[in-house]
Amino acid sequence: MDNPIRPLKRLGQNFLTNVGIQKIMIQALALCPEDLVLEIGPGKGALTDHMVQKAKHIIVVEKDRRLSEYLKKKYQMDPAIKVICEDILSYDLTLDFKKSGKIKVIGSLPYYITSQILFYLINHRFRIDRAVLLVQKEVARRIVASPGTKEFGALTVAMQYYTRTKIIRHVPAGSFWPRPGVTSSLIQVMMRPQPERGLADEEGFFCFNKMMFSKRRKTILGSLFRHVTPHLPKQKLSAILAHCDINPQNRYEKLDLEHMILLYNGLQHQGRRHL
Ligand code: SAM
């Protein structure tokens, strides 16, 4: 099919032209004939083409009307593929994936909203089995970062809490057209719908976490006392930190996930109120 569709930078349109990487992505998705698939940002269908007749139902969500019209024509003879023209962040996947059964997600993501898409997937984790995604290398590094490194942040904690994510390989800019300004990484995200880490209030924890990371230059005691839990006296805070075996002069970003959770639970318990 001839297509003179001009790529739009503002929609992150760098099309994956490297067929080898396309195949690796499809392999990592491990498709079965009964699978339900959500593809984010299909573009001209470079990845979709590899999935034709390999899954039960494939929903592709593309924001650009020119591309979604192009795809509707391209796949009009295939009832298993449904093309939706919508912003993925406002797309309600429960409308199309009504029945139970886990969804596999694939996408060479538009990089201007990578983090939002990752949080979107986390919010739908009960319906998702896995996701195979192309993201910026820098984001992939943040996801798998270790405590104390500059990449370790709120995204790391959320992704490590709710998923098991691994970097499959890095992908050079020359694998796309037009060439993006950054190197990419192919990641596989396996969802943990019910992480068993003893966290009673997950929403509160991630809010707390965001606040603590926004003061990452400050000591833990300083952040808590001045910004996050000003309703608790310093002595009490010190006692909670000691109980959690956390050095009050340490920085929050140096803690591992276990200690972050311990601290949050300790503050909630001792403070007898929500943070
Ligand atoms: N999958 C195609 C490929 O590999 O060649 C295209 C990938 S391109 C990096 C990202 C795609 O996401 C583009 O087609 C773009 O139009 C689409 N897109 C951008 N923002 C979107 C959004 N908010 N919701 C859904 N799709 C979006």
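**Cavities and pockets: exercises**

The lining of the largest cavity divides into 13 nonpolar, seven polar and seven charged residues. A cavity is a set of 1 Å grid points over the protein atoms alone where a 1.4 Å probe fits but cannot get out, and lining residues have an atom within 4 Å of a point. Asp, Glu, Lys and Arg count as charged, Ala, Val, Leu, Ile, Met, Phe, Trp, Tyr, Cys and Pro as nonpolar, and the others as polar.

The model is predicted, and totals for linings use all residues. Residues are numbered from 1 along each chain.

**Exercise 1.** Describe the largest cavity by its space, its central residues and its strands.

Step 1. The space in the largest cavity is about 320 Å³ (the volume filled by probe spheres set on the points). Step 2. It has 27 lining residues, and Gly41, Pro42, Glu62, Ser108 and Pro110 are the closest to its centre. Step 3. At least two lining residues come from each of strand E1 (15-16), strand E2 (36-40) and strand E3 (57-62); strands are DSSP runs of E, at least two residues long.

**Exercise 2.** State how many cavities of 30 Å³ or more the structure holds, and describe the second largest.

Step 1. There are two cavities of 30 Å³ or more. Step 2. The second largest holds about 30 Å³. Step 3. Its lining is made of Gly12, Asn14, Ser108, Leu109, Tyr111 and Phe176. Step 4. By class these are three nonpolar, three polar and no charged residues.

**Exercise 3.** Locate the largest pocket and explain why it lies between two domains.

Step 1. The largest pocket (an open set with protein on both sides within 12 Å along at least five of seven lines) has about 320 Å³ of space. Step 2. Of its 13 lining residues, Phe119, Ala158, Glu203, Phe206 and Cys207 are the closest to the centre. Step 3. Helix H5 (114-123), helix H7 (154-162) and helix H8 (202-214) give at least two lining residues each, and H8 has the largest share, with six. Step 4. The lining contains seven nonpolar, two polar and four charged residues. Step 5. Both domain 1 (9-191) and domain 2 (202-269) contribute to this lining, so the pocket lies between them.

**Exercise 4.** Describe the second largest pocket by space, lining and class.

Step 1. This pocket has about 180 Å³ of space. Step 2. Its lining includes Pro7, Leu8, Lys9, Gly12, Gln13, Asn14, Tyr111 and Tyr112. Pro178, Pro180, Gly181 and Val182 also line the second largest pocket. Step 3. The classes are seven nonpolar, four polar and one charged.

Key
Predicted model: local features only at pLDDT ≥ 70, side-chain atom pairs only at ≥ 80, totals over all residues. Heavy atoms only, no water. Helix = DSSP H or I, 4+ residues; strand = E, 2+ residues; numbered from the N terminus. Domains from an automatic or database assignment.
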